[in-house]
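Hi,

Here is the structure I promised to pass on. Have a look at it first, and then read my notes below.

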Amino acid sequence: MSGLPGGALSDGERSADLPRDPSFLIITAAGFAATVAQILLLRELLVLFYGNEMSTALVLAGWLLWTALGSAVAARLASWFHPREGLLALLLTLQALGLPALVLCVRGVRWLLGIPLGELAPMGTMLLVCLSVPVLFCPIAGALFGLCWAYRRGRDAGASSGRPLAIYLGEALGAAAGGIVFYFVMLRLATALGTAVIVALVLLAVSGWVLWRCRQPSLRISGCSVWAFTTLVVLAVAFWGGGLEMRSRHWQWGEHLVAVRDTPFHNIAVLQEREQTTVFTNGLWLLTQPDPATAELAVHPALLQHPDPKRVLLLGGGLAGHVTEVLKHPGIEWVEYVELDPELISFSQKFLTPATRESLWEVRVEVRSEDAGTFLRRTEDAYDVILMSVGDPINAQMNRFYTVELFGLVGQRLRPGGIFSFSVPGGGDLVGPTHARLLGSLDQTLREVFSEVCALPGERARFFAAGEEGTLVMDPEV
């Protein structure tokens, strides 16, 4: 080592040792892991907080806060001493431990804080979780960036001032690769916890290689000790991964959970109690079966508003038995059922009633895996009745289905005399001011598009809309 300021290498030493420079490889692996960790954290929190977008904003704020803090501390440390590759490898090893811990911690929040199943967590709890959980991963990620930059700058002292920009490039390449690999490979082949373990093992492989080539004996010995312990922990999680995956899911959903699946669109959870099956997507209730009374009310009042319905479009609801009920109505010639997530159908239907499964294969039924809005914009077909059962308007994902724009697309797809219908929570006999504003907003939005609108009150308020005056039956006696 020369006596250059900051421990910088001489030109000859730098040229000979440059191929072994680990900073680019380490920051690329760290960027890869950071993207996967962020996606896993967001998806797990959407389940915990029922798709509430506020949790996404809060966790991103926490992510940036802790990452910035880690980077700031690293910058201060780097001003006191030149970081060694052994230290970088040690931090990457600790980051590997944080990945599975992140997933398990979020799943254990409901049990730890006593949040009842089906109840939205208060804002204080949401703030606490979203700002504290990222501490398991983000400070080390920020520190790695700052220290890799300082390491590269020290090696390149006297060379081109742009050399440390390779750290930005490596982090960006790793982050991009993390998103691509997660959605196109890991999401289809591994569970969320399994994905965390796989990425942790990748980090351990990189950090192990760097430690093996480390030239500082003290860092090499301490780093290898931490690396060996971390590897044993991660391998133990991998070995008991199947049981731990299901056990941690029970922390989220309780003892009645029987199956769970992550897809590009949803986290699907199936709960069974006695003879009844309930399906949740992204933490939100989707359907319960068998529940013939709910399915009948979702279908027949709208079909009975039409004098002779032949073509029916279902935007969601097929797995809840709506197709079965539509086919009971006389004169039905064609039913199209649109569901965004094909895996929701393939995964959930084996838990549903035989009648529901068989209805999806009926010759008069066509199932389309497509977003409802996209389908309405693309199709040129027209229908006598359109029934929408995509979920209640309680977050941005669902709110987009209850807009003037989407209602306008529905109106364009109705035949003359056609009927459009959907339901939202109605409040029963007691409707508070907030609920009244919701119902009034939906009524006014429908009237922007349709000439005639009416609502059937109850536990679920069912709206009916038609493009022509005199189409809807308003007489209670009829």
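**What I found**

First, how far to trust it: this is a predicted model, and the protein chain averages a pLDDT of 88, with 94% of the residues scoring at least 70. Two stretches need some caution. Residues 1-19 stay under 50 in pLDDT, and the model gives them 23 contacts beyond four places in sequence. Residues 158-162 are also below 50, and that stretch has zero contacts in the model beyond near neighbours in sequence.

Now the overall picture. The protein chain has 478 residues, and 50% of them count as buried. Its C-alpha trace spans about 95 × 45 × 45 Å along the principal axes, and its secondary structure comes to 18 helices and 11 strands. If you take the contacts between residues at least 6 apart in sequence, 70% of them join residues at least 24 apart. On the outside, the chain exposes about 21,700 Å², of which carbon and sulfur atoms supply 64%. As for charge, there are 35 positive and 43 negative side chains, and the centres of these two sets lie 13 Å apart.

Next, the inside. In soluble globular proteins, nonpolar side chains tend to be buried together. Here the largest nonpolar core has 65 residues, and those touching the most other members are Ile26, Leu41, Leu45, Phe49, Leu92, Leu99 and Phe137. Several helices supply at least two residues each, among them helix 3 (53-78), helix 4 (85-113), helix 7 (165-189) and helix 9 (217-239). Which helix gives the largest share of this core? That is helix 2, with 14 residues. Phe49 is a good place to zoom in: leaving aside residues up to four places away in sequence, Phe49 touches Ser55, Leu120, Ala121, Met126, Val129 and Cys130. There is also a second, separate core of 33 residues, which includes Ile268, Ile332, Leu352 and Ile419.

A few backbone details are worth finding on screen. Start with the loop between strand 2 (267-273) and strand 3 (276-281), where Arg274 sits. Arg274 has a phi near 55°, a positive value in a residue other than glycine. Asn282 also has a positive phi, near 50°, and is not a glycine either; look for Asn282 in the loop between strand 3 and strand 4.

Are these two residues buried or exposed? Arg274 counts as exposed because its relative accessibility is 77%, and the cut-off for exposed is over 50%. Asn282, on the other hand, is buried, because its relative accessible area is 12% and buried means under 20%.

A little further along is a cis peptide bond, from Gln289 to Pro290, with omega near -10°. Pro290 lies in the loop between strand 4 (284-289) and helix 11 (292-305).

One last residue: Val404, in helix 17 (residues 404-412). Val404 counts as partly exposed, since its relative accessibility is 37%. Which residues does Val404 touch, not counting those up to four places away in sequence? They are Thr445, Glu448 and Val449. Pro433 makes a useful landmark too: Val404 and Pro433 are 29 residues apart in sequence and 23 Å apart in space, C-alpha to C-alpha.

Cheers

How values were computed
Residues numbered from 1 in each chain as written. Predicted model: local features only at pLDDT ≥ 70, side-chain atom pairs only at ≥ 80, totals over all residues. Heavy atoms only, no water. pLDDT = per-residue confidence, 0-100. Contact = heavy atoms within 4.5 Å. Core = buried A, V, L, I, M, F, W, Y, C linked by side-chain atoms within 4.5 Å. Buried < 20%, exposed > 50% of the residue type's maximum accessible area, 1.4 Å probe, protein only. Helix = DSSP H or I, 4+ residues; strand = E, 2+ residues; numbered from the N terminus. Areas by Shrake-Rupley, 256 points an atom, 1.4 Å probe, with all protein chains shown as cover. Lys, Arg positive; Asp, Glu negative; His and termini not counted. Charge placed at Lys NZ, Arg CZ, Asp CG, Glu CD.
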